[in-house]
Amino acid sequence: MTNQQDHFKNIISHAKEYGYIFQSSEIYDGLSAVYDYGQNGTILKNNIRDYWWKSMVQLNENIVGLDSAILMHPKIWKASGHVDAFNDPLIDNKDSKKRYRADVLVEDYVAKIESKIQKEVKKANSRYGENFNKDEFIKTNPRVKQYYERKNIILKRLNTSLENDLSDVKSLIEELEIACPESGSRNWTDVKQFNLMFGTKLGASEDTATELYLRPETAQGIFVNFLNVQKSNRMKLPFGIAQTGKAFRNEIVARQFIFRMREFEQMEMQFFVKPGEQKEWYEKWKKTRLSWHLSLGMGQDNYRFHAHEKVAHYADAATDIQFRFPFGFKELEGIHSRTNFDLSQHEEFSGKKIKYFDPEKNESFIPYVIETSIGLDRMFLAVFSWALCTEKLEDGSSRKVLKLPSVLSPIKASILPLLKKDGLPKISKEIYNDLKWDYNISYDEKDAVGRRYRRQDALGTPFCITVDHQTKEDNTVTIRDRDSMNQERILINEINGYLDKKINSKNWLQKN
Ligand code: ATP
């Protein structure tokens, strides 16, 4: 097993052991790609959501929130294109009976070529140092040039065949000699389209029931409420509507833990602008969203933009913010310039006018839209996988530590009496009862204090506050920092201010 696979397994088992994430319906052997959040996971998820909401809604005068229903009129999905075009091409391996996304099989193949290119680039970079020009190197080095051209030819053919001829996707898989990772065989079925929406029924009796879909994205709830929000809040362009909520997709290949789930949560914002201004706002939102990510301090090198060469039918530009997950760089967030496609479609399908009236120019038009869309669960995985590490200590032992950004940690501090006697638990409880009004904190008096520190490290608690005999003399406690393991003594009445300075989202969000 590779280090990468080991690390990923470790993340999944740590998430379970410390009450972050459980497999859904585990006692019935689980439900594939559906997960439950445990006692700590729920709070981490809430904290990520709050951090997003604060930066998108609370701090922007011209962005407001919405909470639209999961069940919506079925025509909405016809208008948005999801009924006809929200498909993935699937292919089965006849021997293993495993199902794959045909495009992903080819993309994985291309990723291997890409990693060969990156390897050569890295080698050359360290050889030539400052004088190294990456683009020039790719163009002139015969081997790398060959890889590069091959990669582009494959991707071009994949895109064309996905649009025009699914049988050619199969031919491509055969020509590239891609084998099923499970059976090792190249015994593939034909490629078929598969709609990702979950269907359900509204109504009591079979014959009168209406066929509905569980929403595959939260965005459409925003579009169909565009005028409700605009009029009731007298919003002027440019302005945004944000919402967080569940979305459902019957994903064909749902592996990689909470990276790709069948039931997940999105945090989306649709920003409405005047036609012609979309390019400028698209660039602004790309920058703003990257800054939000960087504010969490998880390393600039772990993010990159990936512009789409081929954009969806509704967009005129699209880019992903990719994050370095344990299995490589993958999409974390999408930023799309969606034109006026959605609002126009809803105008046509509903027969109702969905236009913005510009009082200055005395004219009505359909606004253009920039969308920022991030999966809450995927963000959770980014934070959790980045944070989990094993550190070697000076005395030769090691500790497992979850270095969650403290603004997101579910438990901000743990109050630990050094001993379970001499009045120390009483003072600790008093501190606990005072701080719990402002922070989610815990109290722990079991085991030796060193073991309690380790447990809090693994849980991701950024601060441990220890009450000892000196506390009784001078009202001070030690406060231990999870990451540096440094301890300092502060007065009890300074704890609240100390934590606030370290944890307050204002300080974090202003970092970038
Ligand atoms: P992918 O290419 O990974 O399937 P997508 O391009 O279909 O994603 P969007 O429709 O743009 O994704 O959705 C916006 C965001 O929602 C994604 O960037 C991702 O963070 C999240 N997301 C999408 N599908 C899933 C899923 N099945 N499970 C968890 N998060 C998801």
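Tutor: Before we start, one definition: two strands pair if DSSP finds at least two bridges between them. Keep in mind, too, that this is a predicted model.

Student: Okay, which residue in β23 does T476 stand opposite?
Tutor: Start with the strands: β22 covers residues 476-481, and β23 covers 487-491. These two pair in the antiparallel sense over five bridges. Across from T476, in β23, stands L491.

Student: What is the strand order in the open sheet of five strands?
Tutor: Pairing in this open sheet is mixed. Its edge strands, each pairing on one side only, are β20 (441-443) and β23. From one strand to the next, the twist averages 25°. Read across, the order is β20-β19-β21-β22-β23.

Student: At about what angle does helix α17 run to β21?
Tutor: Two helices are worth a look here. Helix α15 (residues 449-459) lies across β19, β20, β21, β22 and β23, and runs at about 170° to β19. Helix α17 (residues 495-503) lies across β19, β21, β22 and β23. With β21, α17 makes an angle of about 170°.

Student: Now the sheet of three strands: why is one side of β5 and of β6 left without a neighbour?
Tutor: The sheet is open, with antiparallel pairing and the order β5-β4-β6. β5 (99-101) and β6 stand at the edges, so one side of each has no neighbour in the sheet. Neighbouring strands here are turned by 45° against each other on average, if you ignore direction. The reason you asked for is that each edge strand has a single partner strand.

Student: Which residue in β6 stands opposite N87?
Tutor: Strand β4 takes in residues 87-92, and its antiparallel pairing with β6 runs over four bridges. Opposite N87, in β6, you'll find N195.

Student: And which strands does helix α5 touch?
Tutor: Helix α5 spans residues 102-128 and packs on the sheet. Its direction makes about 65° with that of β5. The strands touched by α5 are β4 and β5.

Student: On to the ligand: which strand gives the most to the shell around it?
Tutor: Three strands each supply at least two residues of that shell: β10 (263-273), β13 (328-339) and β16 (368-375). By type, the shell residues divide into five nonpolar, five polar and six charged. With five residues, the top contributor is β13.

Student: How much of the ligand's accessible area does the protein cover?
Tutor: Look at the polar contacts to begin with. A polar side-chain atom of R260 sits 2.7 Å from an oxygen atom of the ligand, and a backbone N or O atom of G375 lies 2.9 Å from a ligand oxygen atom. F259 has a backbone N or O atom 3.5 Å from a nitrogen atom of the ligand. Of the 590 Å² that the ligand has on its own, the protein covers 84%.

Student: Where is the peptide bond from L237 to P238 found, in terms of the loop that holds P238?
Tutor: Most peptide bonds are trans. The bond from L237 to P238 is cis, with omega near -5°. P238 is in the loop between α10 (226-232) and β9 (239-248).

Student: Last one: what is phi of D447 near?
Tutor: Most residues other than glycine have a negative phi. E177, in the loop between α8 and β6, has a positive phi near 55°. D447 is in the loop between β20 and α15. Phi of D447 is positive too, near 70°.

How values were computed
Residues numbered from 1 in each chain as written. Predicted model: local features only at pLDDT ≥ 70, side-chain atom pairs only at ≥ 80, totals over all residues. Heavy atoms only, no water. Polar contact = N/O pair within 3.5 Å; in protein donor to acceptor, adjacent residues only side chain to side chain. Areas by Shrake-Rupley, 256 points an atom, 1.4 Å probe, with all protein chains shown as cover. Nonpolar A, V, L, I, M, F, W, Y, C, P; charged D, E, K, R; others polar. Axes fitted to C-alpha atoms, helices over the stretch in contact; angles between N-to-C directions. Contact = heavy atoms within 4.5 Å.
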